[in-house]
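This report describes one protein chain for a reader who has not met it before. The sequence and the model are shown first, and the description follows.

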Amino acid sequence: MCDRLRVSYDAAMKLKTPAGKGRRDKERSAGFCPYCEREVDFCWICRCGFRMCQDCMLENAWGLTCNNITWVCPDCGEIRTY
Ligand SMILES: [Zn+2]
Ligand SMILES: [Zn+2]
């Protein structure tokens, strides 16, 4: 019963927030990637405000991570986990 309710709720939420229209609703991880200058659905975000999209993260992974468990923010040097 509950599952059913949740599914329709999710569907309703999706209808309410059409992709690509939303500067207004602040998705936690969505944003603008300054590296590829794209609006992306998902960003890695540091506390200092640094952000990088998944593509750029993969491209730069060799410089940001040495173990694929953590990455280091190039701005503030904080160690973040994936
Ligand atoms: Zn990017
Ligand atoms: Zn940072």
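Asn68 is placed in the loop between helix H3 (61-64) and strand E5 (70-72); helices (H or I, at least four residues) and strands (E, at least two) are DSSP runs, numbered from the N terminus. The phi angle of Asn68 is near 65 degrees, a positive value in a residue other than glycine. Asn68 is exposed, because 8 other C-beta atoms lie within 10 Å. In these terms a residue is buried if 20 or more other C-beta atoms lie within 10 Å of its own, exposed if 12 or fewer, and partly exposed in between, with C-beta atoms placed from the backbone.

The model is predicted: local features need pLDDT of at least 70 and side-chain atom pairs count only at pLDDT 80 or more, whereas totals for chains, interfaces and linings use all residues. Residues are numbered from 1 along each chain as its sequence is written, while chains are lettered from A and ligands numbered from 1 in the order in which they are written.

A positive phi, of about 55 degrees, is also found in Glu37, which is not a glycine. Glu37 belongs to the loop between strand E1 (31-33) and E2. With 7 other C-beta atoms within 10 Å, Glu37 is exposed.

As a whole, the protein chain contains three helices and six strands. Their order along the sequence is α-β-β-β-β-α-α-β-β. Of the 82 residues in the protein chain, 7% are buried. Among contacts with a separation of 6 or more, 20% join residues 24 or more positions apart; two residues are in contact if their C-beta atoms, placed from the backbone, lie within 7 Å.

Confidence is given as pLDDT, the predictor's confidence in each residue, from 0 to 100. The mean pLDDT of the protein chain is 80, and 66% of its residues reach 70 or more. Among the elements, helix H1 (residues 2-16) has the lowest mean pLDDT (63), and strand E2 (residues 38-40) has the highest (95). Over residues 20-27 the pLDDT is below 50, and this stretch has two contacts in the model beyond near neighbours in sequence.

Three further residues can be set out by their C-alpha separation from a partner.

| Residue | Partner | Separation in sequence | C-alpha distance |
|---|---|---|---|
| Cys43 | Cys33 | ten residues | 7.2 Å |
| Met52 | Gly31 | 21 residues | 8.9 Å |
| Phe50 | Cys76 | 26 residues | 8.5 Å |

Cys43 lies in strand E3 (residues 43-45). Cys43 counts as buried because it has 22 C-beta neighbours inside 10 Å. Leaving out residues up to four places away in sequence, Cys43 touches Ser29, Ala30, Gly31, Cys33, Arg51, Met52 and Cys53.

Met52 is found in strand E4. This residue has 24 C-beta neighbours inside 10 Å, so Met52 counts as buried. Residues up to four places away not counted, Met52 touches Cys33, Tyr35, Cys43, Trp44 and Met57.

Is Phe50 buried, partly exposed or exposed? Phe50 has 16 C-beta neighbours inside 10 Å and therefore counts as partly exposed. Phe50 is located in the loop between E3 and strand E4 (51-53). Apart from neighbours within four places in sequence, Phe50 is in contact with Cys73, Asp75 and Cys76.
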